[in-house]
Amino acid sequence: MLNRTTLVLAGFLSLISASANALTISTGTGGLDASQQAQSIDEPVNDMPNTNWRTGTYGPQHNAMPQGFDTTVLPYGAQLFTGGFRGTRSDGFNPDYKVAPGDLITLRLWGAVEIERALPVDAKGYIFIPTVGPVSVQGTSLQALNSRVKAAVLTVYPENVNVYTNLQGTQPVAVFVTGQVENPGRYAGTPNDSVLYFLDQAGGIDDQLGSFRQVRVLRNGKTIATVDLYSFLKNGVMPRVQFRDGDTVVVDQRQSAVLVSGEVERDYLYELNLSETDGGYLLRYAPTKPGITHVLVRGIRGEGLFSKYYTLNEFKTAQLNDGDEVLFSADRREDTIVVQVEGSYYGPSRYAIPNDATLTSLLDNISVPQHLTETRSISIRRESVAERQRQSLMESLRRLETTYLGASSSTPEEAEIRVKEAELISQFIEKASKAEPTGRMVVANNGKIADIRLQDGDIITIPEATDSLLVSGEVLIPQAVVYTPGNNVNDYVERTGGFTQHADDENILVVRLNGEVLKASDARLQPGDEILVLPHVPTKNLQLATSLTQIVYQLAIATKVALDL
């Protein structure tokens, strides 16, 4: 069994000027006006529609407003609280850290006096240095600590004394975490742990109620810092807070949010703040897919429902309200379609043409190499046709399975036959279900080309002229052989070594360059034909043999493959 390879691979070709050796495919219909002629496309085109237009309305439509947001959609930022921060403790040794009571400072003096001690900071904020006395260090940054201690030492030992200090340990703190968090409580940490550390300890922000943009740190009832986690997510920016024992982290309730879906990398619930309520701010955070052109906004304004379809530029200034749903779409409903050309021709491989253009109007604008192109054998591969072929094949296989695999047996001998037939059918169905129909349409007949309307995504095949035939299927050596006028099918089969033991010499198909499929007995061979020898069905059950043969024929027409049985 040999699956025929495509003669010409489609690619982006350099545009070659039509010369004396090039001609235009003439279909007798005349060309298009200059304003209607096909335009080449240099970039790859996504020719799969993104919007269902069968609703007959402009823009995506929904049946009714949902009652609240989909609870399965997480708020933007929820990915922060999966345990990644709670297991990482800060060492508290950054240069801006302020010394606090309970910290432990290592002191080394050498020269005129030798001292090496670990000195605790007492409740009044002092360390006591032998022979020097108490030195106030509370509130001193680590960057300035050495200078502060050295100045105190020099008052007693003005010459030949060197000083080195280092923060050996910090006093643990207990911080309250409350508000809209999963597990409010009092959590231990170090003064220099981040807000994220304490929030993660508390199980993170409540997905349904908590604000990711309004997290406050309170000390003695006053706010000392406000954290917007969107700034951290987007730019890595977050206020640095040195916590003290008894501080409180409060997560406020979320005030307003919009649900973003459609052509985005991931659906999220995005929170709005008072200064960021238009679409332009939302676009800063919501990662959209390439090609977005329109945005649908649905919500409530005043006492009624609101729905408006914006272009992307209009959306940047559109005001958003709490509870809005924002759906991004790549809306390419235009007056043009994109088709592809493959085979023997000059020019680009893709064309943007009017959506009512026909095959002949396009071919009138394509030049081909003279005497090297089989212009009478043009065909079209269409995805919708391939899908119908696929569905038809699956339905035939389903009927085959239903009819024979569940049949009962009246005698042991018949049961044994049924088992063998079931094995044959199962193997056949497994192979056949993997076949991929080509979706090829026959548009050329007796040298004339049908003037059909093209569809978006069509692939037009302009075959190259050839002096050979392909012999495949149940032959010993599937191969291409030179065309010899007057030779029949058997002559060409003999040149490939003859039939295999599985061949059905009464079921031979001829596939033309234009995709037409004929019985060998009804065909007069031509250069470019493919001779396809079908397999013999190995069963004595006449009804089963007929069913299998029909499906083998169906496969051969849809895929140009003689499936081995």
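# Pairings, rings and burial, set against their definitions

Me: What is the bridge partner of glutamate 342 in E25?

Reply: In strand E25, glutamate 342 has threonine 461 as its bridge partner. The model in view is a predicted one, in which local features need pLDDT of at least 70 and side-chain atom pairs count only at pLDDT 80 or more, whereas totals for chains, interfaces and linings use all residues. Residues are numbered from 1 along each chain as its sequence is written, and side-chain values use heavy atoms, with hydrogens and water left out.

Me: What makes strand E18 and E25 a pair?

Reply: Two strands pair if DSSP finds at least two bridges between them, and strands, like helices, are DSSP runs numbered from the N terminus (E over at least two residues for a strand, H or I over at least four for a helix). Strand E18 (residues 336-343) and E25 share 4 bridges in the parallel sense, so the criterion of at least two is met. Strand E21 (residues 379-381) is joined to E25 by 3 bridges and runs antiparallel to it, with isoleucine 459 of E25 as the bridge partner of arginine 381.

Me: Which residues of strand E25 point one way, and which the other?

Reply: Ile459 and Thr461 point one way from strand E25 (residues 459-462), while Ile460 and Ile462 point the other way, and all are buried. Buried means under 20% relative accessible area, exposed means over 50%, and partly exposed lies in between (1.4 Å probe, protein chains only).

Me: Why is strand E30 described as largely enclosed by the rest of the structure?

Reply: Strand E30 (residues 530-535) is described in this way because 6 of its 6 residues are buried. It belongs to an open sheet of 5 strands in the order E27-E26-E30-E28-E29, with mixed pairing. Strand E27 (479-482) and strand E29 (517-519) stand at the edges of that sheet with a single partner strand each, so one side of each has no neighbour in the sheet. From one strand to the next the twist averages 30°, where axes are lines fitted to C-alpha atoms (for helices over the stretch in contact) and angles run from 0 to 180 degrees between N-to-C directions.

Me: How do you know that the pairing in this sheet is mixed?

Reply: Strand E26 (residues 468-473) and E30 pair in the parallel sense over 4 bridges, whereas E28 and E30 pair in the antiparallel sense over 5 bridges. Leucine 532 of E30 is the bridge partner of serine 472 and also that of leucine 509.

Me: Why is the pair of tyrosine 76 and tyrosine 230 called edge-to-face?

Reply: Rings of Phe, Tyr and Trp (its six-membered ring) pair if their centres lie within 6.5 Å, and planes under 30 degrees apart count as stacked, over 60 as edge-to-face and the rest as tilted. Tyrosine 76 and tyrosine 230 are 5.0 Å apart centre to centre with 85° between the planes, so both the distance and the angle satisfy the rule. Tyrosine 76 lies in the loop between strand E2 (39-40) and strand E3 (104-111) and tyrosine 230 in helix H3 (residues 229-235), so the pair ties together parts that are 154 residues apart in sequence. Both tyrosines, 76 and 230, are buried.

Me: What makes tyrosine 268 and tyrosine 270 an edge-to-face pair?

Reply: Their rings lie 6.0 Å apart centre to centre with 90° between the planes. Tyrosine 268 is buried at a relative accessible area of 11%, and tyrosine 270 is buried at 1%. Tyr76, Tyr230, Tyr268, Tyr270 and Tyr285 form one aromatic cluster.

Me: How do you know that arginine 301 lies over the face of phenylalanine 306?

Reply: A charge sits over a ring if NZ of Lys or CZ of Arg is within 6 Å of the ring centre and within 35 degrees of the ring normal. Arginine 301 lies over the face of phenylalanine 306 at 4.4 Å from the ring centre, so the distance part of the rule is met.

Me: How do you know that the span of helix H1 agrees with the expected one?

Reply: The expected span is 1.5 Å times one less than the number of residues. For the 13 residues of helix H1 (residues 142-154) this gives 18 Å, and the end C-alpha atoms are 19 Å apart, which agrees.

Me: Why are the buried residues of H1 said to line one face?

Reply: The buried residues of H1 are Leu142, Leu145, Val149, Ala152 and Val153. Seen down the axis of H1 they fall within an arc of 100°, so they line one face of the helix, the arc being that of the directions from the helix axis to the C-beta atoms. On the other side of H1, Gln143 and Ser147 are exposed.
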